[in-house]
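Here's a friendly walk through one protein chain, from the whole outline down to a few single residues. Have a look at it first, then read on.

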Amino acid sequence: MNPARVASTSDSSTTLWKLGQYQNPIAVTFGDLDLLLCCFVIAPSTLILAFYFWTTPNVLKDRRRWHLPPGPPGLPFIGNILDLSDGERMREKALAWTKKYGHVFHTKVGGADYIWLSSPKAVRDLMDKKSAIYSSRPPAPLAGDVASAGRRQLFMAYGPRYRTVRKISHALLNITQSTKYQPVQDLESKQLLYDLLHDPEHFYDHNRRYSAGVIISITYGHRIPNWDNALARSVYKVVNNMQNYASPGAWMVDTFPSLQNFPEIFFGNWRTFGKKCFEHDSPIYLGLWGNLKKEVDTGKAKDCFCKDFYESNPEKQGLDTLQAAYQCGGLVEAGSETTSAFLNTFLLFATIHPEVVQNGQEELDRVVGSERYPTWEDAPNLPYIRAIIKELLRIRPPNKIGMQHSTTEDDWYEGMFIPKGSLVMLNWWAINYDPERWESPYEFKPERYLGYDLPAAAYLNVADPNQRDHVSYGAGRRVCPGIHVAENSLYLNISRILWGFNIKKKQVNGKEITPSGDMVPGWMCIPQPFECAIEVRSAKHAKIIECIWAEAEAELEPEEKLS
Ligand code: HEM
């Protein structure tokens with residue numbers, strides 16, 4: 001700004017005005033405009049630019065950034081956020097970018113580097129082999145810090161506290177321990193068959209009851225006989241809250257963590273919202289944990305995860321009460337909606353693909369027959385059922401974006417620089433849909449997995465990473481610790497549903513309704529509620545279902561019964 005120039009312009013124009021010779025008022029406005037331009041545009045822009053270059057990594061500050069992996073150019077400041085925030089289109093982008101830029105590529109959102117690992121080899125080389133530096137999570141001021149008070153394992157940065165909670169979840173969910181939970185899965189699966197027999201219309205909620213029921217029973221030892229159950233409702237409210245704020249891109253502050261240093265009012269009052277979520281969620285989890293402790297102390301607790309955890313003395317392991325409460329609640333969050341989403345996705349694909357139902361039933365009739373129902377022992381003899389499970393996980397991984405880890409050290413890979421603090425995305429859409437590996441990847445073809453004889457956990461560390469079945473349980477040190485429980489649930493229910501029921505398109509006024517296959521809005525791959533016809537295969541099958549549920553229910557406490 002030049003004050004002298006402003007003054008002289010103003011003086012001369014005043015004189016001209018007085019003389020009645022004023023002809024060019026614009027001269028005045030130009031001067032004022034200069035001033036305004038300086039005050040309100042140039043100076044703030046310079047300040048913003050300076051702040052941006054000062055706070056965000058760039059090649060001027062770090063020349064190694066010339067060697068970042070290739071990737072799509074983004075817009076100034078915001079980078080590729082517009083591409084990344086549209087979850088529905090992310091799948092196509094993930095595939096197109098992999099084709100164009102290769103198996104490791106780079107995108108940017110604000111100051112954050114995203115490194116996309118789009119081949120099994122890159123996942124193996126980095127997330128698995130270098131898991132010591134590829135196992136953190138990106139900062140999430142809302143989801144991780146405020147709404148979870150830093151206590152949710154899923155969002156925790158890698159460090160001593162994370163290692164402790166990870167050890168606990170692994171110890172309580174490993175393959176040996178998970179066999180302890182099989183009777184719960186067996187019981188709840190019998191109710192699922194009974195529910196489908198008597199009320200097939202509400203299959204969607206029956207699958208949700210099954211999944212929540214198993215995980216709440218495994219975690220807290222309480223049975224959920226129906227979907228209106230108060231405990232299930234309150235826990236699900238927490239799960240839904242979490243899904244709202246945890247979706248990538250849902251809150252600016254979690255996309256650009258440095259915004260937490262500015263007044264929250266500019267960014268949707270995120271802190272106030274996060275505190276509200278915490279104030280709603282924490283009493284529920286603390287209440288459940290407190291009750292469980294009382295039940296253990298009075299000898300009334302049933303065998304469950306929390307009981308074993310409480311008896312292992314969490315305080316001695318450095319975990320406070322809040323952490324202990326969230327450790328248990330976190331399992332319910334991680335294990336319920338994921339499992340039910342896959343059971344409903346199974347029914348969706350079964351409705352659209354009669355040949356899959358037919359092939360599955362042929363195998364079940366051959367191995368199990370119609371005199372009895374499928375049990376755990378049948379699993380090794382049902383390769384087509386196993387193939388259906390793998391194909392479901394391949395074609396619909398748990399979320400629409402990919403799984404985020406973050407790096408705790410700078411690294412180099414195949415001549416490319418991967419900066420410390422990068423968000424490293426497990427690009428499961430590109431890997432699971434790689435046309436080089438999976439013929440017609442968009443088609444639902446379980447038979448592609450015939451010959452993959454092992455459960456998913458056994459493929460995590462298979463010598464040749466290209467032989468991995470899929471990457472939908474994650475990778476490295478953060479791989480889903482509930483993998484055995486999850487696979488057991490999918491096996492038991494998919495085999496039993498196919499054994500007992502025909503699944504077809506629903507007919508309305510003589511017209512078949514084909515489900516759209518759309519997913520609910522949000523981060524996770526959950527199918528939109530849809531219609532289908534689920535009919536018991538024969539009177540014999542119906543009788544077996546009635547009998548097994550009657551026997552199972554007779555063993556239950558009165559409050560645990562269905563009616
Ligand atoms: C079909 C069902 C399931 C699928 C597809 C699934 C998938 C996943 C994925 C992809 C992750 C993130 C892995 C990564 O960051 O690399 C994860 C994390 C997790 N899962 Fe699962 N999951 C399922 C069921 C379960 C169940 C039943 C439980 C508990 C009994 C569970 C407990 C957890 C926990 C505690 C984490 C957080 C791990 C961490 O950050 O250390 N999951 N799961």
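## The big picture

The protein chain has an accessible surface of about 25,800 Å², and 58% of that belongs to carbon and sulfur atoms. Accessible areas here come from the Shrake-Rupley method with a 1.4 Å probe, and for residues only the protein chains shown count as cover.

Keep in mind that this is a predicted model: local features need pLDDT of at least 70 and side-chain atom pairs count only at pLDDT 80 or more, while totals for chains, interfaces and linings use all residues. Residues are numbered from 1 along each chain as its sequence is written, and side-chain values use heavy atoms, with hydrogens and water left out.

Along its principal axes, the C-alpha trace spans about 110 × 55 × 55 Å. The chain has 21 helices and 10 strands; these are DSSP runs numbered from the N terminus, with helices (H or I) of at least four residues and strands (E) of at least two. Of the 563 residues, 54% are buried. Buried means under 20% relative accessible area, exposed means over 50%, and partly exposed is in between (1.4 Å probe, protein chains only). Among contacts with a separation of 6 or more, 72% link residues 24 or more positions apart, where a contact means heavy atoms within 4.5 Å.

## A sheet of four strands

Now for the sheet. Strands of a sheet pair through backbone hydrogen bonds, either parallel or antiparallel. This open sheet has 4 strands in the order β1-β2-β6-β3, with mixed pairing. At its edges are β1 (104-109) and β3 (403-406), each pairing on one side only. From one strand to the next, the twist averages 30°. Two strands count as paired if DSSP finds at least two bridges between them.

β1 and β2 run antiparallel over 6 bridges, and His106 stands opposite Ile115 in β2. They form a hairpin with 2 residues between them, and Gly110 in the turn has a positive phi of about 55°. On to the next pair: β2 (residues 112-117) and β6 (residues 423-426) are parallel, over 4 bridges. Tyr114 sits opposite Leu423 in β6, and the β6 bridge partner of Trp116 is Met425.

Is β2 enclosed or open? With 6 of its 6 residues buried, β2 is largely enclosed by the rest of the structure. In a regular strand the side chains alternate between the two faces of the sheet. Both faces of β2 are covered: Ala112, Tyr114 and Trp116 are buried on one side, and Asp113, Ile115 and Leu117 on the other.

## Three residues in helices

| Residue | Helix | Relative accessible area |
|---|---|---|
| His484 | α20 (residues 483-500) | 18%, buried |
| Ser282 | α13 (residues 270-297) | 7%, buried |
| Val41 | α2 (residues 26-55) | 42%, partly exposed |

Who do the buried ones touch? Leaving aside neighbours within four places in sequence, His484 is in contact with Leu173, Asn174, Ile175, Ser178 and Ala457. On the same basis, Ser282 is in contact with Leu322 and Tyr326.

Val41 helps make a nonpolar surface patch of about 570 Å², together with Leu33, Leu36, Leu37, Phe40 and Ile42. Patches are made of residues with over 30% relative accessible area and no salt bridge, joining like charges within 9 Å and nonpolar side chains (Val, Leu, Ile, Met, Phe, Trp, Tyr) within 5 Å. A salt bridge is a side-chain nitrogen of Lys or Arg within 4 Å of a carboxyl oxygen of Asp or Glu.

Terms used:
Axes fitted to C-alpha atoms, helices over the stretch in contact; angles between N-to-C directions.
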